[in-house]
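Please work through the following exercises on side-chain interactions and backbone geometry, using the sequence and coordinates shown here. Each task is followed by a worked solution.

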Amino acid sequence: MKKSNILYAVIAGVIIVGIILYFSLRHTATDGHKHGDEEAVKTEEKGHAEEKEEAGPNKEVELNEAQYKSSGIELGTFSQKNLSAVVSANGYTELPPQNQADVSVFMSGIVKSIAVTEGQAVRKGQVLATIESPEFARLQEDYLTSKSNLEFLTLEYDRQKTLSEQEVNSKKVFQKTKAEYQTEKARFSSLQRQLSVLHISPNSTPSATVPVIAPIGGFVTEINIKIGSNVEAGKPLLGIVDNSKLHVDLLVYEKDLNKVKPGQNVRFILTNEGNTEVNGKIFSVGKSFENETKSVAVHADISNYAQKLIPGQYVNALIDIGASNVSALPVDAIVKAEGREFIFVLEEGHKEEGHKEEEAHDEKEGHAHDDGDKHEEPGKSYHFQRVEVKTGTSQLGFVQVTLLQEIEADAKIVLKGAYYIQSHLLKSEGGGGHEH
């Protein structure tokens, strides 16, 4: 009986140990499987992260022809700009006094006619208006009378001089004749000059009307008279300016004065004309401070664009004091994203992505389309690659640009419209559109 109990106890123990071993091995296998899955997931995530890191910031954007045309994109290349060795200055466009004129008359009268309007171009010697006064006719009469008297006195003077030399007449008679002759000669010369100043022909028929003549060529800036106005001698009637000699007066502060000298090139930006750039050259540097500003006036000629400028326009200027040029782009060509700076470069020879996939699918399936089943030709597409850059000095609407990766030497860079392309890229990424 005892042996049977012992046998049963041994069998039961073996069964229990087997059950325990079975569940222990099963738990170990499950843990191993889970651990293997976690390692695989981590490895896959790491691979994606590395792939994403390798992809870098460069992305491609595709625009169709309608989007491209409506965006106002302008393409170009780098410009060489002197953005490093410069002195900044502000100033105004100025005209020298000899290129400005106030038109007036030397005798009072009434305005009879006006032949010009404000802003009109006039030439030197052109009739601007006419003035009427009885004094003008009286002056011409006095001139003609003096001319006649002078002719008589000239003959009398010559006759008395001959008689005096022959001692036929007394010296007293000759001296009186000489005095009358010289007096009339001086009066005639004075009247002649007065007529000349009034632009009256000495030999013309006496008239009460005289012309007002333009003393210089240029543009009429103001008209201070109207028909019937009473004109006073010396009072300005009209104003004329000749902008062909326009120059720029720049105020340079004391700390930069030793860097500026005649002959240096100057670049101006017209703030009120779309930041248009104008070129010039310094021809004179002032020798005294302007008022109490501790700045000196520097005068510069304008090399281009002068005909469209007017006196008094405010300008920002850069005076080139060095000769180092850098590669630069307009500031509108740079976009900022993710704490970095980028430009967009046009890529050539791309087709529509969807059409390429269709063509590959058709080729794989061996489909042959009839003429009626042919797809329409896809519209032209424009692919732009975003390239990371580093910017430097920014002046006069341009910024120094250093490429952080190589591009083609003749690559077409987006100079205007870069922000539109960047917004299109963000919209594609956020809106579920595919990113190139």
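The exercises below concern a predicted model.

**Exercise 1. A salt bridge within a helix**

Determine how the salt bridge between Lys69 and Glu65 is placed in the chain and how accessible its two partners are.

Solution.
1. The side chains of Lys69 and Glu65 form a salt bridge with an N to O distance of 3.4 Å.
2. Both residues belong to helix 2 (residues 65-71), where they are four residues apart, so about one helical turn separates them.
3. An α-helix has 3.6 residues a turn, so residues three or four places apart point the same way.
4. Lys69 has a relative accessible area of 61% and is exposed, whereas Glu65, at 30%, is partly exposed.

**Exercise 2. Salt bridges between strands**

Characterise the salt bridges Asp320 to Arg267 and Glu388 to Arg340 by distance, location and burial.

Solution.
1. Asp320 and Arg267 meet through their side chains at 2.7 Å, N to O.
2. This pair joins distant parts of the chain, since Asp320 lies in strand 17 (residues 314-320) and Arg267 in strand 14 (residues 265-270), 53 residues apart.
3. Asp320 is buried at 15% relative accessibility, and Arg267 is buried at 8%.
4. In the salt bridge of Glu388 with Arg340, the closest N and O atoms are 3.9 Å apart, against a cut-off of 4 Å.
5. Here too distant parts of the chain are linked: Glu388 is in strand 21 (residues 381-395) and Arg340 in strand 20 (residues 340-347), 48 residues apart.
6. Glu388 is buried, with 18% relative accessibility, under the 20% limit; Arg340, at 35%, is partly exposed.
7. The whole structure contains ten salt bridges.

**Exercise 3. Positive phi outside glycine**

Locate His199 and Glu338, and state the backbone angle phi and the accessibility of each residue.

Solution.
1. His199 is not a glycine, yet its phi is positive, near 60°.
2. The loop between helix 4 (171-197) and strand 9 (209-213) holds His199, which is partly exposed at 44% relative accessibility.
3. Glu338, also a residue other than glycine, has a positive phi of about 55°.
4. Glu338 is placed in the loop between strand 19 (335-337) and strand 20, and is exposed, with a relative accessible area of 55%.
5. Glu338 also takes part in a network of salt bridges with Lys59 and Arg386.
6. The charged end of Arg386, in turn, sits over the ring of Phe342, 3.9 Å from the ring centre.

**Exercise 4. Helix 3 and the nonpolar core**

Compare the span of helix 3 with its expected value, and describe the part helix 3 plays in the largest nonpolar core.

Solution.
1. Helix 3 (residues 134-165) has 32 residues and spans 46 Å from its first C-alpha to its last, close to the expected 46 Å.
2. After helix 3 comes Glu167, with a positive phi near 60°.
3. The largest nonpolar core has 33 residues; Leu128, Ile131, Phe136, Val212, Leu237, Leu238 and Ile240 touch the most other members.
4. Two or more residues each come from strand 5 (100-103), strand 8 (127-132), helix 3, helix 4, strand 9 and strand 12 (238-241).
5. Helix 3 makes the greatest contribution to this core, six residues.
6. Beyond its neighbours within four places in sequence, Phe136 contacts residues including Met107, Ile131, Leu198, Ile200 and Val210.
7. A separate core of 23 residues includes Val87, Leu246, Ile302 and Leu309.
8. In soluble globular proteins, nonpolar side chains tend to be buried together.

**Exercise 5. Aromatic rings**

Classify the ring pair of Tyr157 and Tyr181 and identify the elements that the pair connects.

Solution.
1. A pair of aromatic rings is described by the distance of the centres and the angle of the planes.
2. For Tyr157 and Tyr181 the values are 4.9 Å centre to centre and 10° between the planes, and the pair is stacked; planes under 30 degrees apart meet that criterion.
3. Tyr157 lies in helix 3 and Tyr181 in helix 4, so the pair ties together parts that are 24 residues apart in sequence.
4. Tyr157 is buried at 16% relative accessibility, as is Tyr181 at 15%.
5. The count of aromatic pairs is six, and ring pairs also join Tyr68, Tyr382 and Phe384 in a cluster.

Key. Residues are numbered from 1 along each chain as its sequence is written. This is a predicted model: local features need pLDDT of at least 70, side-chain atom pairs count only at pLDDT 80 or more; totals for chains, interfaces and linings use all residues. Side-chain values use heavy atoms; hydrogens and water are left out. Buried means under 20% relative accessible area, exposed over 50%, partly exposed in between (1.4 Å probe, protein chains only). The expected span of a helix is 1.5 Å times one less than its number of residues. A nonpolar core is a set of buried Ala, Val, Leu, Ile, Met, Phe, Trp, Tyr and Cys residues joined through side-chain atoms within 4.5 Å. Contact means heavy atoms within 4.5 Å. Rings of Phe, Tyr and Trp (its six-membered ring) pair if their centres lie within 6.5 Å; planes under 30 degrees apart count as stacked, over 60 as edge-to-face and the rest as tilted. A charge sits over a ring if NZ of Lys or CZ of Arg is within 6 Å of the ring centre and within 35 degrees of the ring normal.
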